[in-house]
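Please open the model in your viewer and keep the selection tool at hand. The tour goes from the whole chain to its core and then to a pocket.

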Amino acid sequence: MKSDVYGFGVVLVQLLTGSRLTKNINDDQTVGEWAEKYLSNRFRLRGIMDSRLEGKYVTGQASEIAMLALRCLVRNPKFRPSMKEVAETLEKIKTRAFNQKHLVMVCIVYLLGLPFLIFFKTLYVHIRTFK
């Protein structure tokens, strides 16, 4: 079960970097060791993020996912989170992201006035439906 968590950590790293990773990055460095070096630092993380994203991501959320990946890649399986914890953490990140978007929308509507309220209310309904 904890090896599944490790494998999911590898998948998270692959999603962040856009690269396929093998068990060993090079002859003497495992994925976990490589990830520790790059994912634990926001500046290094930014340097290895998938270039196809073209910088269109929230740095804080990418960092949170990177920290989760690191927890999944811990060498000793008993210190890895359960898949339930992993799922709950990802859900919290998603919920915070949605709430932040909603807060931005509310601020824009307040600043721009009532005509935009109708537009943003319609947009909000479409966003909720699209999820």
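Helices (H or I, at least four residues) and strands (E, at least two) are taken here as DSSP runs, numbered from the N terminus. This is a predicted model, in which local features need pLDDT of at least 70 and side-chain atom pairs count only at pLDDT 80 or more, while totals for chains, interfaces and linings use all residues. Residues are numbered from 1 along each chain as its sequence is written, and side-chain values use heavy atoms, with hydrogens and water left out.

Begin with the whole chain in cartoon view, where 6 helices and 2 strands follow the pattern α-β-β-α-α-α-α-α along the sequence.

Next, select Val13, Leu16, Ala35, Leu39, Leu45 and Leu73, which touch the most other members among the 20 residues of the largest nonpolar core; such a core is a set of buried Ala, Val, Leu, Ile, Met, Phe, Trp, Tyr and Cys residues joined through side-chain atoms within 4.5 Å, buried meaning under 20% relative accessible area (1.4 Å probe, protein chains only). Helices H1 (2-17), H2 (31-39), H3 (42-48) and H4 (59-72) each supply at least two residues of this core, and H4 gives the most, with 6 residues.

Stay on Leu16 and, leaving aside neighbours within four places in sequence, show its contacts (heavy atoms within 4.5 Å): Leu39, Ile48, Met49, Asp50, Ala62, Ile65 and Ala66.

Finally, turn to the lining of the largest pocket, to which H5 (83-112) gives the most, with 4 residues.

Methods:
Buried means under 20% relative accessible area, exposed over 50%, partly exposed in between (1.4 Å probe, protein chains only).
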